[in-house]
Amino acid sequence: MKSYNLPLIKILIFFPLFCYILYSCNPPPKFPPTSPNNNGLILPDGFGVLVVADSIGKARHLAVNDNGDIYVKLRYAKGTGSNVALRDTTGDGKADIITYFGDYNDEGSLANGMRIHDGYLYYSAARVVYRNKLVPGQLIPDSPMEVVLTDDHEHGIHWHITKPVSFDNEGYMYVPFGSPSNACQDMANKPGGIPGSTGIDPCPELIEHGGVWRFKMDKLNMTQKDGELYATGIRSVVAMDFNHEDKNLYLVMHGRDNLHLLYPEKYSQWESAVLPSEEFIRVEEGGDYGWPYCYYDQIKGKKVLAPEYGGDGEIIGRCADMEDPVMGFPGHWAPNDLLFYTGDQFPDRYKNGAFIAFHGSTNRSPYQQSGYFVAFVPFVNGQVSGDWEVFANGFAGKELIINTNDADFRPMGLAQGPDGSLYVSDSRVGKIWRILYKGDKTTFGEAELAKMKGQKLVANIRNPHPEEDNLDKGQLPEGKKVYNTYCSPCHQRDGNGAKGRIPELRNTDWVTGDKSRLINIVLNGLEGEIEVNGELYDNIMPAHQFLTDKQISQVLTFIRKNFENNASSVSKEDVAKIRAKILK
């Protein structure tokens, strides 16, 4: 008679039932239905998107808590609160609770930063990093708002004053201190540089700017002196994240501007539109990445000497000793957030790779603007394993973008949800998208990616053709030539500016009113908060004293008689009188 192992038999009999009960209690996550036609976004096959919120205000960075609550940093949210919290209580993926909070001085137009770390919600104004302790289950933190770090420099608000934050696993916080200039020119004359001017050598800005500082998270109310310079030669940073797989900080730097404007004998308009690279940098302690002496040319695949320091686009010189990026993207795409994906909801090829939100260029004239999409860079074992890809396009609503405001939306912030979904914020009106994968992860491959390869060839992503895409082909009136060269990079070719940053030139007393005031602005520049057609702006317009009286009269006459304006002309004698008063 055979002997039987009764406990084993019972396990074999009841194991299927046990599995069924376990599956019933812990079914695979259910995702809400996605939007028809992916709400206009172009994604790899198998991905879907839904709109979490339609228009919460000019959104910057965002973060998602473990319970799915979403926190967003806003730009210019005076009177309501500069932070907004969103919660979905119905499970349809859409925020039905939207609450504004955060009573603090949010000066400037470049405030950003929203991260969750170690139970705290961190967010940044232009000069200050704040935090609140999050309470489990509570949407709006009622804990005291603590000041973590204050930028105590006396330079005021400047072009690259953003304060994104990242954290490692060793108790350190990383914060960039961007440069107040384009390439370390004389700040007293023009932050962007005077045509033909040289850079200051050695650059004094590198003492307290142009780099990333590291702070030990053991106290509050810190200033820059409480930290240490971690890496230098980094001009301006909005996109930054710590890669926990290879335990290194990464960022995507905003490259310098105005190669043709400042050095027309060395750089063509086309070269100025596509160069220099937006550098994807693996930040090493003690590293020097070259700014302001060097820039990375992604076409040549090397760092070259900047023209302010004797370069001509070919000379390498001292740049041979500078660190190269892990990858170079085309110029002026405006990388505004970086996220290393650690979730399991997407196919495996995305695990530990980098998503980058390119906000989109403003200063590629006379060519079409570029960017306005989310890219993906694959990583394997902490190393870049392939070329960058277009992951999500279509935010702008069109491929050909002549002026920044032609774009319906501009992707700004990135965040990963607890289920592995990817959230993207928009800086125009504050739309929030949630991207998730709906297909079979085991079969995801080249077929699902095929259409995205073609996205590299569309107008808002490909390099423009030097002749065929030049919007200034043919002869232009002199005033428009001056405008397109010196003014359109900010105010745009159509005079509509860039909402939230650069004011429009249409139907405003700033343009059609007192021409003496207008001449003064061109000659002396302008900074501080102003209101134009009901919109607040707080940025810097550089002085343009290097323009001749004739050039200023031509460009101001052009502006006052175009863009739906109908004001009197400005003569070169008008300009000469104002200039003489300034020089007294």
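In the predicted model, the residues lining the largest pocket divide by class into 15 nonpolar, twelve polar and eight charged. The pocket holds about 750 Å³ of space. Its lining comprises 35 residues, and those closest to the pocket centre are Arg115, Ile116, Asp241, His244 and Leu339. Several strands contribute to this lining: β2 (59–64), β6, β10 (166–167), β14 (237–243), β20 (335–340) and β26 (411–416) each provide at least two residues.

Strand β6, one of the contributors to the pocket lining, spans residues 114–117 and runs antiparallel to β7 (residues 120–124), to which it is joined by four bridges. Within this pairing, arginine 115 has tyrosine 122 of β7 as its bridge partner. Arginine 115 is also listed among the residues closest to the centre of the largest pocket. The two strands form a hairpin with two residues between them, and aspartate 118, located in the turn, adopts a positive phi of about 55°.

A further antiparallel arrangement is centred on strand β12. This strand covers residues 211–216, and five of its six residues are buried, leaving the strand mostly covered. On one pairing, β12 is matched with β11 (residues 172–177) in the antiparallel sense over six bridges; here tyrosine 172 has lysine 216 of β12 as its bridge partner. β12 also pairs with β13 (residues 228–232), again in the antiparallel sense, over four bridges. In that pairing, glycine 211 is positioned opposite threonine 232 of β13.

The largest nonpolar core contains 24 residues, of which Phe47, Phe346, Tyr350, Phe355, Phe391 and Ile435 have the most contacts inside the core. At least two core residues come from each of the strands β1 (47–53), β21 (354–358), β22 (373–377), β25 (389–392), β27 (422–426) and β28 (432–437). A separate core of 23 residues lies apart from the largest one and includes Cys203, Leu206, Leu275 and Met322. The surroundings of tyrosine 350 were examined individually. When residues up to four places away in sequence are not counted, tyrosine 350 touches Pro44, Phe47, Tyr341, Phe355, Phe376, Phe391, Phe444 and Leu449. Among these partners, Phe47, Phe355 and Phe391 are themselves listed with the residues that have the most contacts inside the largest core.

Enclosed space was also assessed. A search of the whole structure yields two cavities of 30 Å³ or more. The second largest cavity contains about 60 Å³ of space. Its lining is formed by Met253, Gly255, Arg256, Pro276, Ser277, Glu279, Tyr289, Trp291, Cys294 and Tyr295. By class, six of these lining residues are nonpolar, two are polar and two are charged.

Trp291, one of the residues lining the second largest cavity, takes part in an unusual backbone feature. Most residues other than glycine have a negative phi, and most peptide bonds are trans. Tryptophan 291 and proline 292, however, are joined by a cis peptide bond with omega of about 0°. Proline 292 is situated in the loop between β16 (278–283) and β17 (294–297). A cis peptide bond also joins serine 365 and proline 366, with omega of about 15°, and proline 366 is found in the loop between β21 and β22. Both of these strands supply residues to the largest nonpolar core.

Positive phi values also occur at asparagine residues in loops. Asparagine 37, although not a glycine, has a positive phi of about 60°; the residue is placed in the loop between α1 (6–25) and β1. Asparagine 37 is exposed, its relative accessible area being 69%. Asparagine 533, likewise not a glycine, has a positive phi of about 50° and lies in the loop between β29 (526–532) and β30 (535–541). With a relative accessibility of 42%, asparagine 533 is classed as partly exposed.

Glycine 79 provides a further loop position, located between β3 (70–74) and β4 (83–87). Glycine 79 is exposed, with 86% relative accessible area. Between glycine 79 and alanine 59 the sequence separation is 20 residues, while the C-alpha to C-alpha distance is 16 Å.

Methods. Residues numbered from 1 in each chain as written. Predicted model: local features only at pLDDT ≥ 70, side-chain atom pairs only at ≥ 80, totals over all residues. Heavy atoms only, no water. Pairing = 2+ DSSP bridges. 1 Å grid on protein atoms, 1.4 Å probe; cavity = no way out; pocket = protein on both sides within 12 Å on 5 of 7 lines; lining within 4 Å. Points joined across faces, edges and corners; volume = space filled by probe spheres on them. Nonpolar A, V, L, I, M, F, W, Y, C, P; charged D, E, K, R; others polar. Core = buried A, V, L, I, M, F, W, Y, C linked by side-chain atoms within 4.5 Å. Buried < 20%, exposed > 50% of the residue type's maximum accessible area, 1.4 Å probe, protein only. Contact = heavy atoms within 4.5 Å.
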